[in-house]
Amino acid sequence: MSDELRKKASQAKALHDLAKMKSESGDFAYKLAARSLESHLDELSQIELTSETSPAFEMLDFRIIAPHLKTGSAPLDLVAKLTEEVRKTIGYAALRLMQGGINRKRIPKDLYSELDLRLTGLLPGSSRFIISAAANRDLLDDGLSKGAIERVFMVLSSLGRGEEFLSSVNVLGPSSAKSLRELLKLIKSHSAEAEFTWKYSGDEVLRWNGNKEALESITSALEVTEIVEQEKVILHGKVELLSERERIELRVDEGKLIKILYPKSILPMVSELHLGQEVTLYCQVTETENPLTNESSIFYELLEIRS
């Protein structure tokens, strides 16, 4: 518990004890005060619980800012829809991260089990939805939840414009992008703004401030942007970069440098490659197009290592 939170809890406990003592003499006003302070102490305990710095979890704080949410309560339909869209956004992002492809429609139960997404708390400050995901980070400080959440924040930070947006949407995948769009539309439908914070082991990893302009920009871009599968191609060249973060850079015969995404499922095959090696890669080509900005980009995803 932080010093500030501890001080507030101590003050509230002292006032509660005084009010409870007075209420036992039959003073109705003090009975009401004691109940109110009990509620406040419960609230402080919940804040402490959701602020724990355990490295076992990635912590996501979805703050929805609107006048009608200031008490910290929220309509049940907002709670249900928001948590479901968060669940699908992260679930589909994790599926693309693990298996690749852009047309997968079903998230396996075992993948959701590995993510272990949970609504950990609902706090005041408008309404703050605290959601946790199992971290399970490896020795390289990488993990499934981390990779999926990172891809979501990449799209948000792009503000729906430029090569950064096209690349981040392609990496996220169309199904996750659709759920993210529905999440942002839900927030807009409540005439609200948003602030999303990602923490790990007590430290802030990323924060996104979603004012009305940012929400409109990203939602509009996600509404019209398409990821379309093109042809499958065979690329031959020298490996210039190998990354544990699902990236290969290949210098093809024509001298062009091509960046290739690969899913974690084929990491064992990729790890056998080495820099400077001549390889033949079988890849899926996709085009991502944003009609709002008349921008488009071509992306490559590894399907198979031929040699």
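**Note on the cavities and helix packing**

1. In this predicted model, the largest share of the lining of the largest cavity, 4 residues, is supplied by helix H5. Besides H5 (144–158), strand E1 (57–65), helix H3 (76–99) and helix H7 (174–189) each give at least two residues to that lining, and the cavity they border has a volume of about 90 Å³.

2. Which residues line the largest cavity? They are Leu60, Phe62, Val86, Thr89, Ile90, Ile149, Val152, Phe153, Leu156, Leu180, Leu183 and Phe196. When these residues are sorted by class, 11 are nonpolar and 1 is polar, while no charged residue takes part in the lining.

3. The structure holds 3 cavities of 30 Å³ or more, and the second largest of them encloses about 80 Å³ of space. Its lining is formed by Tyr92, Leu95, Arg96, Gly100, Gly101, Ile102, Arg104, Leu172, Gly173, Pro174, Ser175 and Ser176, with H3 and H7 as the elements that give two or more residues. The lining of this second largest cavity divides by class into 5 nonpolar, 5 polar and 2 charged residues.

4. For the packing of helices, it helps to recall that two packed helices are described by the angle between their axes and by the distance between those axes. The axes of H3 and H5 come within 8 Å and cross at roughly 110°, which means that H3 is roughly perpendicular to H5. H3 passes H5 in a right-handed crossing, and the contact is made by Thr89, Ile90, Ala93, Ala94, Arg96, Leu97 and Met98 of H3 together with Leu144, Gly147, Ala148, Ile149, Arg151 and Val152 of H5. Of the residues in this contact, 9 are nonpolar, 2 are polar and 2 are charged.

5. Are H5 and helix H6 roughly parallel or roughly antiparallel? The axes of H5 and H6 (residues 162–172) come within 9 Å and cross at roughly 155°, and therefore H5 is roughly antiparallel to H6. The crossing of these two helices is left-handed, and the contact involves Arg151, Val152, Met154, Val155, Ser157 and Ser158 of H5 and Glu164, Phe165, Ser168, Val169, Val171 and Leu172 of H6. By class, the contact of H5 with H6 has 7 nonpolar, 3 polar and 2 charged residues.

6. Some residues deserve a second look, since they appear in several of these lists. Val152 is part of the lining of the largest cavity, of the contact of H5 with H3 and of the contact of H5 with H6. Arg96 lines the second largest cavity and also belongs to the H3 side of the contact with H5.

Conventions:
Residues numbered from 1 in each chain as written. Predicted model: local features only at pLDDT ≥ 70, side-chain atom pairs only at ≥ 80, totals over all residues. Heavy atoms only, no water. 1 Å grid on protein atoms, 1.4 Å probe; cavity = no way out; pocket = protein on both sides within 12 Å on 5 of 7 lines; lining within 4 Å. Points joined across faces, edges and corners; volume = space filled by probe spheres on them. Nonpolar A, V, L, I, M, F, W, Y, C, P; charged D, E, K, R; others polar. Axes fitted to C-alpha atoms, helices over the stretch in contact; angles between N-to-C directions. Parallel < 35°, antiparallel > 145°, perpendicular 65-115°, else oblique. Left-handed = near helix turned anticlockwise from the far one by under 90°. Contact = heavy atoms within 4.5 Å.
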